[in-house]
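Work through these exercises with the structure open beside you. Try each task before you read its solution.

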Amino acid sequence: MRVGLWQLGQSITRRLSQAGKKGKFEELARRGFATEGELKKTVLHDFHVENGGKMVPFAGWSMPIQYKDSIMDSTINCRTNGALFDVAHMCGLSLNGKDCIPFLEKLVIADVAGLARGTGTLTVFTNEKGGAIDDSVITKVTDEHIYLVVNAGCRDKDLAHIESHMKIFKSKGGDVNWHIHDERSLLALQGPLAAPVLQMLTKSDLSKMYFSDFHMLDINGSACFLTRTGYTGEDGFEISVPSEHAVELAKAILEKSEGKVRLTGLGARDSLRLEAGLCLYGNDMEQHVTPVEAGLTWAIGKRRRAEGGFLGAEVILKQLAEGPPVRRVGLLSSGPPPRSHSEILDSASQPLGEVTSGGFSPCLKKNIAMGYVKSGSHKPGTELKVIVRGKTYDAVITKMPFVPTKYYKPS
C-alpha cells in the first residue's frame, strides 16, 4: 500500500470529525483503498467499533487504524506491555500432499525441505524476473503439510499465481492440494506480556516454543494454529482461531492482561514494523524489487543458492554473485519526517534513490525511514539529503532495525 498508515492515522481523526463532508471515502479510494460500500469486515468488526476503533478502508477491508489512545501511545504500550491486533484480513492457507514441498519450492526462495517440522521462516514469492510477488511466513507442519499466510492486499494475485502453477504441477503427476482457511481468523498478540498472558489460556508450555515455531494446540477452549512470530520486532504470537471463537479469545486475552494489553490498530502496527526495519509490501517491496535488493538475502536458503529452481533464480543468483544495482537502507533525518516517494540525494545533491516508508519513531523520538539507493552508496554512516515538501534536509544511512528486536530464541 503506497499510503503510509502512520500518516493516515494522524489525519484520520480530523477526517472522522468531518465524516459528513462529501468525498472523504472517495479520496481514500483514489489513494489506493476500497470504497466504503465494497469493504469486507472481519468477525471482530463490531467489537472494534464497540471499543472505540476508528475504522478505515484497507486492502478492501474495514480495519481499525487506531482506538481511543494515540498511535504514539499504542506503539509505546506494545513495546512496554503488549498489543492485540486483528489481522484476520490476511489469508492463511495450507498446502497438502506428498509433493507439497517441491511444489512450493518452485515458487519461493526458502529451503522449505530443510526446515525442521513445526518451524517456519519468512520467504518471498518471486516472478520470472526475480521480483517479489509477495512476502509470506511459511511453516513446515509436516513433510506433507505447509501452512502459510499471505498479505491481504496480495490475496487475489497470490492465490491465482499459486493455483495456475498448481494446475501445471498436478498435470505432470504432482501430488499437492490446498485449503484456504476462510473459516479461521488471525490475531496477533505482541509485546513482553504476550507469552505470560497467553500462557494463562493454554496448558501447553510456551517457554519451549521459540521464534518461528508452530504448534497446533488448545487456546481458551479452541483448536488453534499458533506461530511464535509477528510484525513488530517484539516477542509475540500469531493465533489462527476458528472464526466463531475469535471475539471470545480476544476478550479473554484483554481480560487476562488486566488492561495492560490493548487493542491496537494498523497505525501503530505500521510504526512498529518500521522501527523493526520490516518491509511493507507495496511500499518497500514490489514486483520489480528482488529479495537481494530488499536486503532479504538471508532468506535465500543455502541449498537454493546452489541449485536455484525457483522463478527468477537466474536474476537473483546473478545479483548474489555480482551485487544488486540498488539496496534497501535505513535512514535518520532532520526536519519533517520523510514519506514514501521522498527523493534521496547524495552529498553533491545528485539523485540517488527514493524513500519507500518513513515517519516519526514514537520510541526513538526521531525521524526514521527506509528507501532504496544505488549500490556503493548504501554503507551505514553515509551522509545524504532527502527532499520533503520541496525542501532539502540532512539524512544519514543507519543500520536496521532502528529499535532492537526481542524475538524469543534459545539462549
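**Exercise 1. Decide whether Glu 105 is buried or exposed, then find its salt-bridge partner in this predicted model.**

Solution.
- Step 1. Start with accessibility. Glu 105 has a relative accessibility of 9%. Buried means under 20%, so Glu 105 counts as buried.
- Step 2. Look for the partner. The side chain of Glu 105 meets that of Arg 303 in a salt bridge, at 2.5 Å from N to O.
- Step 3. Place both ends. Glu 105 belongs to helix 5 (residues 100-105), and Arg 303 to helix 10. The two parts are 198 residues apart in sequence, so this pair ties them together.
- Step 4. Check the other end. Arg 303 has a relative accessibility of 26% and therefore counts as partly exposed.

**Exercise 2. Find the salt bridge between Glu 307 and Arg 303, and work out how the two residues are placed along helix 10.**

Solution.
- Step 1. Recall the principle. Side chains of opposite charge can pair when their charged atoms come close.
- Step 2. Read the distance. The side chains of Glu 307 and Arg 303 meet at 3.2 Å, N to O. The cut-off for a salt bridge is 4 Å, so the pair qualifies.
- Step 3. Count along the helix. Glu 307 and Arg 303 are four residues apart in helix 10, so about one helical turn separates them.
- Step 4. Check accessibility. Glu 307 has a relative accessible area of 54%, so this residue is exposed.
- Step 5. Look for a network elsewhere. Arg 79, Glu 234, Glu 275 and Lys 406 are joined into one network by salt bridges that share partners.

**Exercise 3. How many salt bridges are there, and are Arg 228 and Asp 235 buried or exposed?**

Solution.
- Step 1. Take the total. The count comes to 15 salt bridges.
- Step 2. Pick out one of them. Arg 228 pairs with Asp 235, and their closest N and O atoms are 2.7 Å apart.
- Step 3. Test each end. Arg 228 has a relative accessible area of 2%, so Arg 228 is buried. Asp 235 comes to 13%, so Asp 235 is buried too.

**Exercise 4. Explain why Cys 91 and Cys 279 form no disulfide with their closest cysteine.**

Solution.
- Step 1. Recall what the bond is. A disulfide is a covalent bond between the sulfur atoms of two cysteines.
- Step 2. Set the limit. The two sulfur atoms must lie within 2.5 Å.
- Step 3. Try Cys 91. The closest cysteine sulfur is in Cys 154, 11 Å away, so it is too far for a bond.
- Step 4. Try Cys 279. Its closest cysteine sulfur is also in Cys 154, at 12 Å, so again too far.
- Step 5. Take the total. The structure holds zero disulfides.
- Step 6. Add accessibility. Cys 91 is buried at 1%, and Cys 279 is buried at 8%.

**Exercise 5. Describe the largest cavity: its volume, its lining and the elements that supply the lining.**

Solution.
- Step 1. Recall the method. Rolling a probe the size of a water molecule over the atoms shows where empty space is left.
- Step 2. Count. There are four cavities of 30 Å³ or more. The largest holds about 70 Å³ of space.
- Step 3. Name some of the lining. Among the residues are Val 137, Tyr 147, Leu 186, Phe 214 and Glu 238.
- Step 4. Find the elements. Strand 7 (132-142), strand 8 (145-150), strand 12 (222-227) and strand 13 (236-242) each give two or more residues. Strand 12 has the largest share, with three.
- Step 5. Sort by type. The lining has seven nonpolar residues, four polar and one charged.

**Exercise 6. Describe the second largest pocket in the same way.**

Solution.
- Step 1. Take the volume. The second largest pocket holds about 240 Å³ of space.
- Step 2. Find the centre. Of 18 lining residues, Ala 88, Met 90, His 181, Asp 182 and Arg 184 are the closest to it.
- Step 3. Find the elements. Strand 5 (91-96) and strand 10 (184-190) give two or more residues each. Strand 10 gives the most, with three.
- Step 4. Sort by type. The lining divides into seven nonpolar, seven polar and four charged residues.

How values were computed. Residues are numbered from 1 along each chain as its sequence is written. This is a predicted model: local features need pLDDT of at least 70, side-chain atom pairs count only at pLDDT 80 or more; totals for chains, interfaces and linings use all residues. Side-chain values use heavy atoms; hydrogens and water are left out. On a 1 Å grid over the protein atoms alone, a cavity is a set of points where a 1.4 Å probe fits but cannot get out, and a pocket is an open set with protein on both sides within 12 Å along at least five of seven lines; lining residues have an atom within 4 Å of a point. Grid points are joined across faces, edges and corners, and a volume is the space filled by probe spheres set on the points. Ala, Val, Leu, Ile, Met, Phe, Trp, Tyr, Cys and Pro count as nonpolar, Asp, Glu, Lys and Arg as charged, and the others, Gly among them, as polar. Buried means under 20% relative accessible area, exposed over 50%, partly exposed in between (1.4 Å probe, protein chains only).
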